[in-house]
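User: I have a structure open on my screen and would like to understand the reasoning behind the labels people put on it. Could you walk me through it?

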Amino acid sequence: MMLAQYLAQLEQELLAAGEEAESLSFVYRALNMLSFTDFVLKLRTEVRQEDHKQLKAIQEQLLAHRPAQYIIGSSDFLGLSLKVDERVLIPRPETEELVELILSENPESSLSVLDIGTGSGAIALALANGRPDWQITASDLSSDALSLARENAQSCGLNLAFVQSDCLDAISGNFDIIVSNPPYISEADKNEVGLNVLTSEPHMALFAEEDGYAVYRKIAEQAGDYLTKIGKIYLEIGYKQGDGVRELLEKHFPQKRIRVLKDQFGKDRMVAMDNG
């Protein structure tokens, strides 16, 4: 059997189980470090025993709803290759948009930044990569997540400070920017989450109490004691939370400008607060 035929067979089985067929070739190419051209050429060859075994093993993990990035062990984020596993969320393209917004609106060479709920370190590391002179602190409630974020900082050659903290409880100092992509899914919206996410990704990084607003409320209540006079807040939000998060910030920062911004798909995805 040709590799293309065997791959198509396994992909049909994935589709029948409700999984994405393209994940199989994505993982296979990544694990074998194949260029697209090399992969296309290989499709025309007979299936070797080792390929048969590897593809079946990949498919079994996908059928068990394990995300492709966990199987590979890494995820790309704004040009950085970050290690990811079940300790942290897989970085999303929407979060890249949040980082790009921060970088575009803050050209200054020296700012202090706090990333709350850093997970894999994606936001903090991408900001450090884009602004090497910024002083960046990455915090997370999970010691396991912080351990992985430190690994990513080392592998990327980027220097950050790391603090274990529930929001700002264990934080000291003042910051020009506070950024967070916190858990924001409510239990009522659990049915909107894919099986591979529910099965594999850490629930403490996904779900929040108070209909998804618990962490936003805590940030809004605490941030005033940690922001400098020019201080800004950038938050990633669920697509239904724009008005709610804006109201929370308006309550504690009535003098600030607060914007709800859409992602590339036209959905409310970011809230930005500044002096206007």
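User: Which residues in α8 are buried?

Analyst: Happy to help, and please keep in mind that this is a predicted model. In α8, the buried residues are Ala 145, Leu 146, Leu 148, Ala 149, Asn 152 and Ala 153. Around the axis they cover an arc of only 165 degrees, so they sit on the same side of α8. On the other side of α8 you will find Gln 154 and Ser 155, which are exposed.

User: What covers the buried residues of α8?

Analyst: The cover includes β2 (80-83), α7 (122-130), β4 (135-140) and β5 (161-164).

User: How do you know that the span of helix α8 agrees with its number of residues?

Analyst: Helix α8 takes in residues 143-156, which is 14 residues. At 1.5 Å a residue it should span 20 Å, and its end C-alpha atoms are 20 Å apart, so the two agree.

User: What makes Ser 142 a cap for α8?

Analyst: A side-chain oxygen of Ser 142 lies 3.3 Å from the backbone nitrogen of Asp 144, at the N-terminal end of α8. A polar contact needs an N or O pair within 3.5 Å, so this one qualifies. After α8 comes Gly 157, with a positive phi near 70 degrees.

User: Why is α7 described as largely enclosed?

Analyst: Because 7 of its 9 residues are buried, the rest of the structure largely encloses α7. The buried ones are Ala 122, Ile 123, Ala 124, Leu 125, Ala 126, Leu 127 and Ala 128.

User: Why is Thr 137 called buried?

Analyst: Its relative accessible area is 15%, and buried means under 20%, so Thr 137 earns the label. Thr 137 belongs to strand β4. Setting aside neighbours within four places in sequence, Thr 137 is in contact with Val 113, Leu 114, Asp 115, Ala 161, Val 163 and Phe 175.

User: What makes strand β6 mostly covered?

Analyst: In β6 (residues 175-180), 6 of 6 residues are buried. Strand β6 also has pairing partners: with strand β3 (residues 112-116) it pairs in the parallel sense over 4 bridges. One example is Leu 114, whose bridge partner in β6 is Ile 178. Strand β7 (residues 227-236) runs parallel to β6 as well, joined by 5 bridges, and there Tyr 234 of β7 stands opposite Val 179.

User: Cys 156 and Cys 167: buried, partly exposed or exposed?

Analyst: Cys 156 has a relative accessible area of 22%; partly exposed covers values between 20% and 50%, so that is its label. Cys 167 comes out at 6%, which is under 20%, so Cys 167 is buried.

User: How many disulfides does a search of the whole structure find?

Analyst: The search finds 0 disulfides. To be counted, a pair of cysteine sulfur atoms has to lie within 2.5 Å.

User: What is unusual enough about Cys 167 and Met 33 to mention their phi?

Analyst: Neither residue is a glycine, yet each has a positive phi: about 55 degrees for Cys 167 and about 50 degrees for Met 33. Cys 167 is found in the loop between β5 and β6, while Met 33 is in the loop between α2 (22-31) and α3 (36-43).

User: And why does Met 33 count as exposed?

Analyst: Exposed means over 50%, and Met 33 has 76% relative accessibility, so it counts as exposed.

How values were computed
Residues numbered from 1 in each chain as written. Predicted model: local features only at pLDDT ≥ 70, side-chain atom pairs only at ≥ 80, totals over all residues. Heavy atoms only, no water. Helix = DSSP H or I, 4+ residues; strand = E, 2+ residues; numbered from the N terminus. Expected span 1.5 Å × (residues − 1). Buried < 20%, exposed > 50% of the residue type's maximum accessible area, 1.4 Å probe, protein only. Arc of directions from axis to C-beta. Contact = heavy atoms within 4.5 Å. Polar contact = N/O pair within 3.5 Å; in protein donor to acceptor, adjacent residues only side chain to side chain. Pairing = 2+ DSSP bridges.
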